[in-house]
2 protein chains.
Amino acid sequence: MNKKIMLNESDIPRQWYNITADMPNKPLPPLHPGTKQPVGPQDLAPLFPMELIKQEVSTERYIEIPDEIIEIYKMWRPSPLYRADKFEKLLDAPVKIYYKYEGVSPSGSHKPNTAVAQAYYNKKEGVKRIATETGAGQWGTALSFACAQFGLECDVYMVRISYDQKPYRKVMMNTFGANVYASPSNRTQAGRNILEQDPNSPGSLGIAISEAIEIAAQDPDTKYSLGSVLNHVLMHQTIIGQEAEKQMEYAGDFPDIIIAPLGGGSNFAGISFPFLKHKLTNGTKLRCIAVEPASCPKLTRGKFMYDFGDTAGYTPLLPMYTLGHNFKPAAIHAGGLRYHGASVLCSQLLKDGLIEAQAIQQLECFEAGVAFTKAEGIIPAPEATHGIAQVIREARRAKEEGTQKTILFNLCGHGLVDMQAYQDYFDGKLHDHSFSDEELQADLPNIAALQP
Amino acid sequence: MNKKIMLNESDIPRQWYNITADMPNKPLPPLHPGTKQPVGPQDLAPLFPMELIKQEVSTERYIEIPDEIIEIYKMWRPSPLYRADKFEKLLDAPVKIYYKYEGVSPSGSHKPNTAVAQAYYNKKEGVKRIATETGAGQWGTALSFACAQFGLECDVYMVRISYDQKPYRKVMMNTFGANVYASPSNRTQAGRNILEQDPNSPGSLGIAISEAIEIAAQDPDTKYSLGSVLNHVLMHQTIIGQEAEKQMEYAGDFPDIIIAPLGGGSNFAGISFPFLKHKLTNGTKLRCIAVEPASCPKLTRGKFMYDFGDTAGYTPLLPMYTLGHNFKPAAIHAGGLRYHGASVLCSQLLKDGLIEAQAIQQLECFEAGVAFTKAEGIIPAPEATHGIAQVIREARRAKEEGTQKTILFNLCGHGLVDMQAYQDYFDGKLHDHSFSDEELQADLPNIAALQP
């Protein structure tokens, strides 16, 4: 039996899949916070190149991938699909488990799939510099790599607590040639406002987004780039699922269940949307489960409402499951999942009952990650362990019910630059955390005021 | 054009190549330090399983790889061969550059190729636990992974300075289930002797080897395992070069020059020996260049003599290029290259003029590593940057001479767990270091006394 199902470079998909075309209820439009009217391309033009704005609002089912992007994808794509035979043996349940492994990319996660595309369109439209935020560092590393490929400058605003706790990530970005600033910084008004209130602020993704947007809005040579949440970002990630579909076909299989962690939604969308297409267009039976940390439970305990994507309120209002743009998640190690909202596309699909969501505590996730490492030899990123924990839950359920299941999950990245998280887990320093209903509702008045 | 040349799992070589069969001058035998007579299998039996001892002294050209080992190799093999087109563009020289990338393995380097084989034979012969040493941590991680696959216990003696400086490596080993001890430790006589003289000893590979051997020699359930230097270890690595040969064939090319760093010799042997076979048996024109750090220059400035492999003098005497078993290399970041001796096979080939050696200072290596990262997207391990620096030298020479060259090098591992090294480089904390002739000769009387 083959352990890996590999494809050739000629099998790299030539189109991104836009799920908007097949959704029964189209996503609601982003709104201008002042007028509460849908934002137009001209509102976004200071921040994004026009081609990405077009992709953001496109309803075309497929969008061609330029050759220049394909050439860079070839550096690591197609990524392998593994049969988790050793992990299956450990679980001893009636399940076949496959995982798509995105850790083979230059930055070690799925993020370069969109970083390369975004850098390409910026370069093509004459942009000199891209500003962005990063939490745990996966996105900042990916964009740093992509900018190096196209000769673009890259400024990364890195959440202060991660900047201090994950020095290796910062060095990786520097090695690719990027500038990295701890956020909140005194380079922006948004940062200075926060530092005035709290000089020792540990920062947050929401704050770092505000800083990067502010820089981009002020400098005509600089644009802004986001690593998740937006429609075009999720669409770029669909090459993962399209490859996986072909690989599953070669394996003679089709998943009953697809599992992926959800921070903003790009990893989940990447693996699941191309399979969901069959459910949306042909009624194919398929469960897609987004897994979030119990300490940041926007999908399972948040509200579907219009909210800002950032703390300062620079972004348009987006219709999404949210905990409020001022929500402060617990300080878990899965930094990529510590975001208050979910992408518009994933939120609408969840609202319509087309996908499911589960919240899991971090101790269960790390236990799953260690078991997986011993069996399969790959140390998963803390974010990725959330998907693995859910795989174990589904395997146990299949065993209890005595049903055969085929599970596919996206191993979105390795944890080699996050080993402090595992050390803390082994040292007993990690704890589970649940918010009370009162705590989760504290920021709701802010959100309610934003509704159209 | 394809960026990567990939093989199928069915292309994984089914045999290891034993260069001893084709060497014009066979390697001299290892000697018992007391009798100065060749050691026999019974001398080594307390330390190694019999099958590995047989492989160590075999003169068969090929040795079959058991199916159980192939099944584990499939987790990451065949590894990709890349055309370094972006790096070529940067160098602007008349060279075609290919690199075999071993960083795709579970531990991020070529080391699992032999770790899996050694764990397999130990398991098969009823061993319960393997003790080993590790410097920078690549080898310890690889053996930890391999032991997890076979349900063996694994005790790793990690050089103290690396134990303190590279905490992520320790956690990786723990995650695979291994026990990691800082060396010198008070668990062995060898360790206690050193600590008595110097309670703050930073340790060395030679000391850590002594500790692991001592543990293995005393416990019938425990054997010892070495990650480089020995004949069977080098032989296991020849799957790298055998795959690369097939991949170069698919590319329609054959190398003029093969380059790899040399610490003990397994990485260099792995990529070069299957190609050297053509030179040894058909006279094919080929330069194979082993690259060492200028701060540990055994190949370029050491002596070809009998010497111990470890500090305490527990190993047999090996005929090799050495700086003396008490030599203390400068504290460079390429920990895997900080070893006083070179493998018997590589030493004999160098002595016979069949391979070449170059020494390079670390600043030139890191400069090469950063340039390579920006072009090719992979951050090389500090060890691997030595090979890249030599590739640049050869490219410049080809340009000066106006000759076309095809260069193949082994990118033996990624540097994601060594980012502190890059940080120190960017911070200007790294310096070049050369030993004077007097310093290099200080340990020679010790070696001279060991000659038969």
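Here is a short tour of this predicted model, going from the whole of chain A to one helix in chain B.

**Stop one: chain A as a whole.** Select chain A and switch to a cartoon view. You'll be looking at 20 helices and 15 strands. Turn the C-alpha trace around: along its principal axes, the chain A trace spans about 55 × 50 × 45 Å. How does that fit with a compact globule? For 452 residues, such a globule would have a radius of gyration near 22 Å, and chain A comes in at 20 Å, so the two agree.

**Stop two: inside and outside.** Keep chain A selected and add a surface. About 15300 Å² of chain A is exposed, with carbon and sulfur atoms supplying 48% of that area. Of the 452 residues, 66% count as buried. Now pick out the charged side chains of chain A: there are 44 positive and 51 negative ones, and the centres of these two sets sit 3 Å apart. If you show contacts between residues at least 6 apart in the sequence of chain A, 77% of them join residues at least 24 apart.

**Stop three: helix H5 of chain B.** Hop over to chain B and select residues 112–124, which make up helix H5. At 1.5 Å a residue, these 13 residues should span 18 Å, and the end C-alpha atoms are indeed 18 Å apart. Is H5(B) enclosed or open? Of its 13 residues, 11 are buried, so the rest of the structure largely encloses this helix. Click through some of the buried ones, including B:Pro112, B:Val116, B:Tyr120 and B:Tyr121.

**Last stop.** Step just past H5(B) to B:Gly126, which takes a positive phi of about 85°.

Conventions: Residues are numbered from 1 along each chain as its sequence is written. Chains are lettered from A and ligands numbered from 1 in the order in which they are written. This is a predicted model: local features need pLDDT of at least 70, side-chain atom pairs count only at pLDDT 80 or more; totals for chains, interfaces and linings use all residues. Side-chain values use heavy atoms; hydrogens and water are left out. Helices (H or I, at least four residues) and strands (E, at least two) are DSSP runs, numbered from the N terminus. The radius of gyration is taken over C-alpha atoms; the globule rule is 2.2 Å times the number of residues to the power 0.38. Buried means under 20% relative accessible area, exposed over 50%, partly exposed in between (1.4 Å probe, protein chains only). Contact means heavy atoms within 4.5 Å. Accessible areas come from the Shrake-Rupley method with a 1.4 Å probe; for residues, only the protein chains shown count as cover. Lys and Arg count as positive and Asp and Glu as negative; His and the chain ends are not counted. The place of a charge is taken as NZ of Lys, CZ of Arg, CG of Asp or CD of Glu. The expected span of a helix is 1.5 Å times one less than its number of residues.
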